[in-house]
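Welcome! Here are some short exercises to work through with the structure open beside you. Try each task yourself before you read its solution.

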Amino acid sequence: LGANSAWGGSVGWVRSRNRLYETVEAFVQNSTLTSTTGAIDVQATLVKPADQATVVSDLTAWSVTVATGGTFALSLGGIGSNSNTIAQSTIQALVENSELDATTSVRIQADDQTAIDNNWTSSNINAAFGTVAVAVSFALPIMTATVGNTVEATVGPGDSSTATTSDPTRITARDGDLLVEAVSRASIVQLVKSVEAAAALGIGVAATVGVFHIENTLAGTISANVAGGTQPGSLLLSATHGTLRVSAEYAGDQAGQPALSATARDLGLAAGIGAFVIEVANITSDVSPTVEANVTKGVQLSGDQTVEVLARTDGQVQADVKQFAAILAIGLSLTKSTVSTTVNPTVQVTAGEEEDSPGPILKAPEILLRAESQLDALGQTRQSGYGLIAAVLNSDTTSEVKPTVTLQIGPAARLEATSTLTLEAIAGTNRNPPPTDVQTVSAEYDTVSLDRKSTRLNSSHSSVSRMPSSA
């Protein structure tokens, strides 16, 4: 308050820094495990707490500033923030130079449940009363989140292995499934909500400014690996009455929510002889995990029912901006939003590498090898602007979905199916048609051995090379 002049200010800054560097390991090395009545589970899990995220950051700020002066009044208020979250953890399940024998099932699993949930909420109200009055309100949130975890399930010979073709290392499920799985359900949710209001009564200027930046990045490696030694069949995995599966999967959040979500809500109001509202929102999302299922030299997978080697991505990346700007006098409102989403996962299934000798052997009535990407992107902006001079609305939304999907079968690999052999490389989405611009989707078949019945070779958006006429 002032008889001739008055000024008031309220400015705040909030910084949030979160780091999640965890190592979760389940190891079986140089051992023999036998379950005479049930199952064997070797599990490494980074667990998400029930009904909440692994990392939670809630920032709330508000300010009210009023300046009243006879001749001149100035009111300035606003909030800024910088929230930065990084998750770089290792989740590993390893069986090395060990024999496992279960009466029912065997599961070797690495499971990543990392979830990031960041929220920023602010309200800023500024008023100035005077012959000449100026009121300014602003909000400047910056939010970034990155997940780059390593998730790995591995079965291998180890440095001390002496397994041979005549005396192999065995992992056996006698009456159930044998699963080697690397699973990531990592998710990122970031939300910004803000209200900026400014009023200048008199010969006044009122201005509100909201500038938002949200950035989500998901990378890392999810891999399931089974490798033997230098002798053919020196590592033997068998499921007597069940499915034998080697799989790597990025599946996003399992609760029906998007894998990555960025949301911005901004409301700007200005009242004065000259009034200005400026709202700018920028959202960037980048999803580029590497998902691999590899069965390589010296290993034999056999089952009475099905042998599967699978690598898959699934989920949705969402970005949503809603802006509302209103001028309650003579003035200009400007709203601009930019939403950029990049989805470039690498998905690969390998049954034998080029240099493998000996190659892997897969035997079962049904054999399925599938590399599949079903990630997609959804970005939207909604803007409303009102001004007695002009209301300018500008939005730019871009989405790039270019998965690299590869199915590779090495020259020394043997696939022996007595019923059905299915080889698939697929790029598409469960919600939308397959992308029109697929960067790389390829399937290579070198050795295909089939006793009888049918063979189905299905490669969507793919090139098939080195298919010998004998196959």
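**Exercise 1. Confidence**

Find the average pLDDT of the protein chain, and the stretch where the pLDDT is below 50.

Solution. Keep in mind that this is a predicted model. Start with the chain as a whole: its pLDDT averages 83, and 86% of the residues score at least 70. Then look for the weak stretch: the pLDDT is below 50 over residues 430-471. In the model, this stretch still has 106 contacts beyond near neighbours in sequence.

**Exercise 2. The nonpolar cores**

Work out which residues have the most contacts inside the largest nonpolar core, and which strand gives the most to this core.

Solution. Begin with the core itself, which has 76 residues. Leu237, Leu301 and Leu369 have the most contacts inside it. Next, turn to the strands: β25, residues 361-386, gives the most, with seven residues. A second core, separate from this one, has 16 residues, including Ile79, Trp120, Ala139 and Val339. Finally, look around leucine 369: beyond its neighbours within four places in sequence, its contacts include Val309, Val349, Leu407 and Ile409.

**Exercise 3. A nonpolar patch on the surface**

List the residues of the nonpolar surface patch and name the element that gives the most to it.

Solution. The patch is formed by Trp62, Val64, Val66, Ile125, Phe129 and Leu201, which together have about 620 Å² of accessible area. Two elements give two or more residues each: β5 (55-68) and β10 (115-147). Of the elements in the patch, β5 gives the most, with three residues. Leucine 201 sits in strand β14, residues 187-218. Its relative accessibility is 48%, so leucine 201 counts as partly exposed.

**Exercise 4. Threonine 341**

Decide whether threonine 341 is buried or exposed, and find what it touches.

Solution. First place the residue: threonine 341 is in strand β23, residues 331-343. Now check its accessibility: because the relative value is 2%, threonine 341 counts as buried. Setting aside residues up to four places away in sequence, threonine 341 touches Ser285, Val317, Ala377, Thr398, Ser399 and Glu400. As a last step, compare sequence with space: threonine 341 and valine 401 are 60 residues apart in sequence, and their C-alpha atoms are 8.2 Å apart.

**Exercise 5. Salt bridges**

For the salt bridges of aspartate 41 and arginine 382, find the partner residue and the strands involved.

Solution. Start with a general idea: side chains of opposite charge can pair when their charged atoms come close. The whole structure holds 11 salt bridges.

- Aspartate 41 pairs with arginine 107, with the closest N and O atoms 3.4 Å apart. Aspartate 41 is in strand β4 and arginine 107 in strand β9, so this pair ties together parts 66 residues apart in sequence.
- Arginine 382 meets aspartate 320 at 2.8 Å, N to O. This pair links distant parts of the chain, with arginine 382 in strand β25 and aspartate 320 in strand β22, 62 residues apart. Arginine 382 is partly exposed at 36% relative accessibility, whereas aspartate 320 is buried at 11%.

To finish, look for shared partners: salt bridges join Glu249, Arg312, Asp314 and Glu372 into one network. Within this network, glutamate 249 and arginine 312 form a salt bridge, with their closest N and O atoms 3.2 Å apart.

Technical notes. Residues are numbered from 1 along each chain as its sequence is written. This is a predicted model: local features need pLDDT of at least 70, side-chain atom pairs count only at pLDDT 80 or more; totals for chains, interfaces and linings use all residues. Side-chain values use heavy atoms; hydrogens and water are left out. A nonpolar core is a set of buried Ala, Val, Leu, Ile, Met, Phe, Trp, Tyr and Cys residues joined through side-chain atoms within 4.5 Å. Buried means under 20% relative accessible area, exposed over 50%, partly exposed in between (1.4 Å probe, protein chains only). Helices (H or I, at least four residues) and strands (E, at least two) are DSSP runs, numbered from the N terminus. Contact means heavy atoms within 4.5 Å. Patches are made of residues with over 30% relative accessible area and no salt bridge: like charges are joined within 9 Å, nonpolar side chains (Val, Leu, Ile, Met, Phe, Trp, Tyr) within 5 Å. Accessible areas come from the Shrake-Rupley method with a 1.4 Å probe; for residues, only the protein chains shown count as cover. A salt bridge is a side-chain nitrogen of Lys or Arg within 4 Å of a carboxyl oxygen of Asp or Glu. pLDDT is the predictor's confidence in each residue, from 0 to 100.
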